[in-house]
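Me: I have a chain on the bench and want to talk through its fold. Please take my questions one at a time.

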Amino acid sequence: MIGFFNILFDANFENANYTLSVNYPGIDLVDFSNKVALQITSENSSGKILETVKMILEYKIYEEINTFYIYLLDRKKKYQDLQKRIDNITGNQFKFDAKNVYDAASAYVYLNHLGDKNKIETQQYLEEWFGRYNQLLSGYPDYLTDISDGIVPFLQDVQN
């Protein structure tokens with residue numbers, strides 16, 4: 001799935017666990033040339049997000065990376081005062097934007113805003129890895145199809 005994240009975040013990610021060290025703290029994918037890093041996690045709690053920010057600070061990853069993303073494998077929640085809590089951790093050391101926390105639904109919405117080139121690249125990548133799209137939209141969870149500019153228009157645009 002590194003290719004998907006490369007398209008989504010316009011990056012050239014490498015697996016930090018291979019490139020830097022096994023079980024590298026705070027990040028899973030890194031692109032040093034664009035100074036971008038991504039943490040992928042199945043845990044969607046604010047505690048996990050804050051823990052990641054603390055690791056970025058503790059291990060001074062911010063000295064080499066300017067932009068950080070977190071991709072949640074589970075559905076994103078509505079987090080109370082997340083940006084304020086992040087800022088309390090980071091102080092003036094580095095900036096972590098709470099808007100850079102994505103899940104499947106927000107990733108599709110984000111892709112819709114990137115333009116046709118990214119949509120086509122994403123479709124080609126996903127078809128290469130998972131086969132031609134042939135699942136009915138009704139098979140998707142409601143939270144992916146109830147977003148007005150989410151996956152449904154994205155897939156309809158790509159298929160047309």
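## Contacts, cores and rings

Me: Which residues does Ile 56 touch, not counting residues up to four places away in sequence?
Reply: This is a predicted model, where local features need pLDDT of at least 70, side-chain atom pairs count only at pLDDT 80 or more, and totals for chains, interfaces and linings use all residues. Residues are numbered from 1 along each chain as its sequence is written, and side-chain values use heavy atoms, with hydrogens and water left out. Contact means heavy atoms within 4.5 Å. On that basis the partners of Ile 56 are Ile 61, Tyr 62, Phe 68, Phe 94 and Phe 96.

Me: Is Ile 56 buried or exposed?
Reply: Ile 56 sits in helix α3. Buried means under 20% relative accessible area, exposed over 50%, and partly exposed in between (1.4 Å probe, protein chains only). Ile 56 has 1% relative accessibility, so the residue counts as buried.

Me: How far apart are the C-alpha atoms of Ile 56 and Gly 26?
Reply: Along the chain, Ile 56 and Gly 26 are 30 residues apart. In space, their C-alpha atoms are separated by 5.8 Å.

Me: Which elements give two or more residues to the largest nonpolar core?
Reply: A nonpolar core is a set of buried Ala, Val, Leu, Ile, Met, Phe, Trp, Tyr and Cys residues joined through side-chain atoms within 4.5 Å. The largest one has 22 residues, and Ile 49, Ile 56, Phe 68, Leu 82, Ile 86, Phe 94 and Phe 96 touch the most other members. The elements giving two or more residues to this core are α3, β4 and α4.

Me: Which element gives the largest share of this core?
Reply: The largest share is 4 residues. They come from α3.

Me: What does Phe 96 contact, leaving aside its neighbours within four places in sequence?
Reply: Phe 96 was already named as a partner of Ile 56. The full set for Phe 96 is Val 53, Ile 56, Phe 68, Ile 70, Gln 83, Ile 86 and Val 101.

Me: How many residues are in the other core?
Reply: This core lies apart from the largest one. Among its members are Phe 4, Leu 8, Tyr 71 and Leu 111. Its count is 16 residues.

Me: Why are the buried residues of α4 on the same side?
Reply: Helix α4 covers residues 82-90, and its buried residues are Leu 82, Ile 86, Ile 89 and Thr 90. The arc is that of the directions from the helix axis to the C-beta atoms. The buried residues share one side of α4 because their arc around the axis is only 90 degrees.

Me: Which exposed residues does α4 carry on the face turned away from its buried side?
Reply: The cover over the buried residues of α4 includes α3 (46-58). The face turned away from that buried side carries the exposed residues Lys 84 and Asn 88.

Me: How many residues of helix α5 are buried?
Reply: Helix α5 spans residues 104-114. Its buried residues include Ala 104, Tyr 108, Val 109 and Leu 111. The helix is largely enclosed by the rest of the structure, because the buried count is 8 of the 11 residues.

Me: What is the phi of Gly 115, which follows α5?
Reply: α4 is followed by Gly 91, with a positive phi near 55 degrees. For Gly 115, after α5, phi is positive too, near 110 degrees.

Me: How many aromatic pairs are there, and why is Phe 5 with Phe 9 stacked?
Reply: Rings of Phe, Tyr and Trp (its six-membered ring) pair if their centres lie within 6.5 Å; planes under 30 degrees apart count as stacked, over 60 as edge-to-face and the rest as tilted. The structure holds 9 aromatic pairs. Phe 5 and Phe 9 have ring centres 6.5 Å apart and planes at 5 degrees, so the pair is stacked.

Me: How many residues apart are Phe 9 and Tyr 69?
Reply: The rings of Phe 9 and Tyr 69 have centres 3.9 Å apart and planes at 25 degrees, so this pair is stacked. Phe 9 is in the loop between α1 (2-8) and β1 (14-15), while Tyr 69 is in strand β4 (residues 67-72). Helices (H or I, at least four residues) and strands (E, at least two) are DSSP runs, numbered from the N terminus. The pair links distant parts of the chain, 60 residues apart.
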